[in-house]
Amino acid sequence: TFRVAEMGMVFAEQLAISGRGPDAMRVWQQATASAPPAAAGERMVNGDFEAPLRGAGLDWHLLKSAGFRFSMDDFTRVSGGRALRLEFDGTANPEFAELLQWIVVEPNHDYHFQASLKTDNLNTDNGVYWSLSNATISPVQPRSWQTEPQIGSNPWTTQEMNIHTDPDTTVLLLQLRRNASSKTAQALKGIVWVDAISLRSK
C-alpha cells in the first residue's frame, strides 16, 4: 500500500527525468490516486504548498546542502494556510538549484507560468529566480526560460512568463535558482518566500 505508492512515485520521477511525460503522469496518478485533483489546466503539483510535500515523483523536491534551510511558514503567505520559506544563513556562496519539480506538459503548446516571491535582506549581487527548462538526461535541444532575479528586500511580487514547448517536449524542469557570486568572499544571507505557483495552458 504505502510502500507500493512510494515505489510508484519514484518510478514516475525516473520516467520524467527520462523525458517520458505521458508515462510519468500515468504512473504518478496511479500512485497518488487519493490526492485531490488539480484545477483544470493546471500542470503544477501542490503549487500552493498546502498539501504535505512528498519529496519524490512529480511533487516538490527540497534538496539539502550547506548554507540554507527550508521550512513552512504559516504567517507570511499569499493565499491558503502557508508558504515555503528559504533562509540562507550567511555561511556559503551557493550555486542554488535545490528547490525543483518535474512537470508533465503537452508538446508544441502554450503555457503561462506564475509565481509569488518575497525577499528579506537578500545580500547578494546574484539574486534568486525561477527557471523552466526542457533539459532531461540527454536533451536534444536544451532550452530554458527564467524570471527576473530578485535581491535585497521586496514585498510579495508576482513573477510571470509565457512559454511555448517544443514539438518533442513532454517534461519541463522547474527550479528556484541562484548563481554563485563571483565575489568569493560573499556569503549569502537573507530570506526568500515562495507561494501560489502555477503553470497553466493558455
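**Rings, core and charges in a predicted model**

A search of the whole structure, which I should say at once is a predicted model, finds eight aromatic pairs. Let me begin with Phe49 and Trp60, whose ring centres lie 5.1 Å apart with their planes at 20°, so this pair is stacked. Phe49 and Trp60 both sit in the loop between helix 2 (21-31) and strand 1 (61-62), so the pair ties together parts that are eleven residues apart in sequence. As for their surroundings, Phe49 has a relative accessible area of 0% and is therefore buried, and Trp60, at 0% relative accessibility, counts as buried too.

A pair with another geometry is the one formed by Phe68 and Phe70, which is edge-to-face, with 5.7 Å from centre to centre and 75° between the planes; both of these residues are buried. Going back to the stacked pair, Phe49 and Trp60 belong to a cluster that ring pairs build together with Phe113 and Trp130. There is also a charge placed over a ring, since Lys118 lies over the face of Trp193, at 5.5 Å from the ring centre.

Trp130 brings me to the nonpolar core. In soluble globular proteins, nonpolar side chains tend to be buried together. Here the largest nonpolar core has 31 residues, and the members that touch the most other members are Trp130, Leu132, Val194 and Ile197. Several strands supply at least two residues each, among them strand 2 (68-73), strand 4 (96-104), strand 6 (128-133), strand 8 (152-164) and strand 10 (189-201), while the largest share, five residues, comes from strand 5. A second, separate core has 16 residues, including Ala12, Ala16, Ala56 and Val171.

What does Leu132 touch, if we do not count residues up to four places away in sequence? Its contacts include Ile103, Phe113, Met161, Ile163 and Leu199, together with the run Leu172, Leu173 and Leu174, and also Arg143, Ser144 and Trp145. Phe113, then, appears both among the contacts of Leu132 and in the ring cluster.

Let me turn to the charged side chains. Side chains of opposite charge can pair when their charged atoms come close. The structure holds ten salt bridges, and I will go through some of them. Arg200 forms one with Glu42, the closest N and O atoms being 3.1 Å apart, and this pair links distant parts of the chain, with Arg200 in strand 10 and Glu42 in the loop between helix 2 and strand 1, 158 residues apart. Arg200 counts as partly exposed at 36% relative accessibility, whereas Glu42, at 17% and therefore under the 20% cut-off, counts as buried.

Arg43 forms a salt bridge with Glu106, with 3.4 Å between the closest N and O atoms. This pair, too, links distant parts of the chain, because Arg43 is in the loop between helix 2 and strand 1 and Glu106 in the loop between strand 4 and strand 5, 63 residues apart. Both partners are partly exposed, Arg43 at 22% relative accessibility and Glu106 with a relative accessible area of 38%.

Asp59 and Arg54 also meet through their side chains in a salt bridge, at 3.2 Å from N to O. Is each partner buried or partly exposed? Asp59 is buried, with a relative accessible area of 0%, while Arg54 counts as partly exposed at 34% relative accessibility. Finally, salt bridges that share partners join Arg69, Asp73, Arg85 and Glu87 into one network.

Terms used
Residues are numbered from 1 along each chain as its sequence is written. This is a predicted model: local features need pLDDT of at least 70, side-chain atom pairs count only at pLDDT 80 or more; totals for chains, interfaces and linings use all residues. Side-chain values use heavy atoms; hydrogens and water are left out. A nonpolar core is a set of buried Ala, Val, Leu, Ile, Met, Phe, Trp, Tyr and Cys residues joined through side-chain atoms within 4.5 Å. Buried means under 20% relative accessible area, exposed over 50%, partly exposed in between (1.4 Å probe, protein chains only). Helices (H or I, at least four residues) and strands (E, at least two) are DSSP runs, numbered from the N terminus. Contact means heavy atoms within 4.5 Å. Rings of Phe, Tyr and Trp (its six-membered ring) pair if their centres lie within 6.5 Å; planes under 30 degrees apart count as stacked, over 60 as edge-to-face and the rest as tilted. A charge sits over a ring if NZ of Lys or CZ of Arg is within 6 Å of the ring centre and within 35 degrees of the ring normal. A salt bridge is a side-chain nitrogen of Lys or Arg within 4 Å of a carboxyl oxygen of Asp or Glu.
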